[in-house]
Amino acid sequence: MPLIYCIEDDAALIQELERLLDLQGFRTAHAGSFTDVAAAALEADPDCIVLDLKLPNQDGLQILREIRGSSQVPVIMLTSSESEFDEVMALGLGADDYIVKPYRPATLIARIEGALRRSCAMPEVTVSHGGVTLDMTKGEVSANGKTAELSRNELRILDILMRNAGNVVSRQQLMAHLWESDEFIDDNTLTVNVNRLRSSLSKLGVDGGFVKTRRGIGYAV
């Protein structure tokens, strides 16, 4: 039974979330304080983390950074902020999803279940193309004698592109591969993740043209 860990300062919302998740058959836990909350969350060994953006004396984005520093556990941002900047920042730092309050319970459950399926289904393979090697088991990409860790979305984008090397993968295919449904995803979200992937590759000395944009169609390597 998957464990969902909630990092949220609204006690009433925590109760609501845990009741909702319990009814769906999940185990739940939540942050008791907001000191070293990232470490506390990871110590609980959750299958998914639901993280608020605005927390007492701490920034949800910083907590996300700390989580991503040592784990690829799925993280879903649940926040009252409708700021596009906050959403882009969260996704760019490796959040798997971004949901604005007030949320629809069915939508939240669907996003959590989707994140869990993607996490469990991540293929344990190594694939190479054009001097770039992707190791899905380690969540790493290597090139020019250098290695870097990638976020889950970066991994999945690069994986599908490299497995289809020489062919264009449509934006719709990429969104379906990442989120299993493009109903809740817009083009900007995908663009943010592709740009983050390019930035990660550039730090390894990979030419900016490795991931090519086919305007109006999709991407290719």
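Which residues does valine 100 touch, not counting residues up to four places away in sequence? In this predicted model, valine 100 touches Thr79, Ser80, Ser81 and Glu82 when residues up to four places away in sequence are left out. Valine 100 belongs to strand 7, and the points below set out the sheet that contains this strand, then strand 6 and its partners, and finally valine 100 again.

**The sheet as a whole**

- The strands form an open sheet of 5, arranged in the order 2-1-3-6-7 and paired in the parallel sense.
- Strand 2 (27–30) and strand 7 stand at the edges with a single partner strand each, so one side of each is left without a neighbour in the sheet.
- From one strand to the next, the twist averages 20 degrees.
- As general background, the strands of a sheet pair through backbone hydrogen bonds, and the pairing is either parallel or antiparallel.

**Strand 1 and helix 1**

- Strand 1, which covers residues 3–7, pairs with strand 3 in the parallel sense over 4 bridges, and isoleucine 4 stands opposite cysteine 48 in strand 3.
- Helix 1, made of residues 11–23, packs on the sheet and touches strand 1, strand 2 and strand 6, while its direction makes about 165 degrees with that of strand 2.

**Strand 6 and its partners**

- Strand 6, residues 75–79, is mostly covered, since 5 of its 5 residues are buried.
- Val75, Met77 and Thr79 point one way from strand 6, whereas Ile76 and Leu78 point the other way, and all of these residues are buried.
- On one pairing, strand 3 (residues 48–51) is joined to strand 6 by 3 bridges, with the two strands running parallel, and the bridge partner of isoleucine 49 in strand 6 is valine 75.
- On another pairing, strand 6 and strand 7 (residues 97–100) are parallel and share 4 bridges, with methionine 77 standing opposite tyrosine 98 in strand 7.
- Strand 6, helix 4 (residues 84–92) and strand 7 together make a β-α-β unit that is right-handed.

**Valine 100 in its setting**

- Valine 100, which lies in strand 7, is 21 residues from threonine 79 in sequence, yet the two are 5.1 Å apart in space, taken from C-alpha to C-alpha.
- Is valine 100 buried, partly exposed or exposed? With a relative accessible area of 30%, valine 100 is partly exposed, because buried requires a value under 20% and exposed a value over 50%.
- Threonine 79, one of the residues that valine 100 touches, is by contrast buried.

Key: Residues numbered from 1 in each chain as written. Predicted model: local features only at pLDDT ≥ 70, side-chain atom pairs only at ≥ 80, totals over all residues. Heavy atoms only, no water. Buried < 20%, exposed > 50% of the residue type's maximum accessible area, 1.4 Å probe, protein only. Pairing = 2+ DSSP bridges. Right-handed = clockwise from strand over helix to strand, strands pointing away. Axes fitted to C-alpha atoms, helices over the stretch in contact; angles between N-to-C directions. Contact = heavy atoms within 4.5 Å.
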